[in-house]
Amino acid sequence: MRFRLFLSLLMVFGASLLFALPVHAESPLPAEVRQASVLVQCENRQGSGTLVSADGYILTNAHVVADVEGATAPKVATLCQIGIIDPSTEQLRYIYYATITRWTFDPTRNQDFALLHIDRPHSRETLPGSF
């Protein structure tokens, strides 16, 4: 129950914080948003996510981490990789391994959330800047 409340609050307040950031004319997204946005790849599924804490928690969708569209029980990925784009070069620079902390999928209640946690770097880079 606390997990669902956390996700609901994060979705409401997290979105309002993103919209409060100034948008610069030279870029469609401010650097702070580009840096918080991550690429998520879990086995043969991929999508996007948002870095939501300085200690490496990432919010993404459950359909990225689990095969929820099959008729049988969902098959959850065993390995996820996170890619963070360097805002100065706009190129993928930081790659990490992550574990799936929690996930929930219920299309009748519009629930499609997953919480990942960065375990270790794939490359020798560390998390960029102070989040």
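**Exercise 1.** How many salt bridges does the count come to? Find the partners and place them in the chain.

*Solution.* The model is predicted. Start with the rule: a side-chain nitrogen of Lys or Arg must lie within 4 Å of a carboxyl oxygen of Asp or Glu. By this rule there is one salt bridge. Next, name the pair. Glu 43 bridges to Lys 75, and their closest N and O atoms are 3.4 Å apart. Now place both residues. Glu 43 sits in the loop between strand S1 (37-42) and strand S2 (45-51), while Lys 75 belongs to strand S5 (residues 75-76). The two are 32 residues apart, so the pair links distant parts of the chain. Last, check the surface. Glu 43 has a relative accessible area of 32%, so Glu 43 is partly exposed.

**Exercise 2.** Decide whether Val 64 is buried or exposed. Then list what Val 64 touches.

*Solution.* Locate the residue: Val 64 lies in helix H3 (residues 62-65). Apply the cut-off: buried means under 20% relative accessible area. Val 64 has 2%, so Val 64 is buried. Now leave out residues up to four places away in sequence; Val 64 then touches Val 40, Cys 42, Arg 45, Gln 46 and Gly 47. Finish with a distance. From C-alpha to C-alpha, Val 64 and Ala 77 are 8.8 Å apart in space, and they are 13 residues apart in sequence.

**Exercise 3.** Which side chain does a polar contact join to that of Thr 104?

*Solution.* Find Thr 104 in strand S7 (residues 91-106). Its relative accessibility is 11%, so Thr 104 counts as buried. The partner is Gln 111: a polar contact of 3.3 Å joins the two side chains.

Definitions and conventions. Residues numbered from 1 in each chain as written. Predicted model: local features only at pLDDT ≥ 70, side-chain atom pairs only at ≥ 80, totals over all residues. Heavy atoms only, no water. Helix = DSSP H or I, 4+ residues; strand = E, 2+ residues; numbered from the N terminus. Buried < 20%, exposed > 50% of the residue type's maximum accessible area, 1.4 Å probe, protein only. Contact = heavy atoms within 4.5 Å. Polar contact = N/O pair within 3.5 Å; in protein donor to acceptor, adjacent residues only side chain to side chain.
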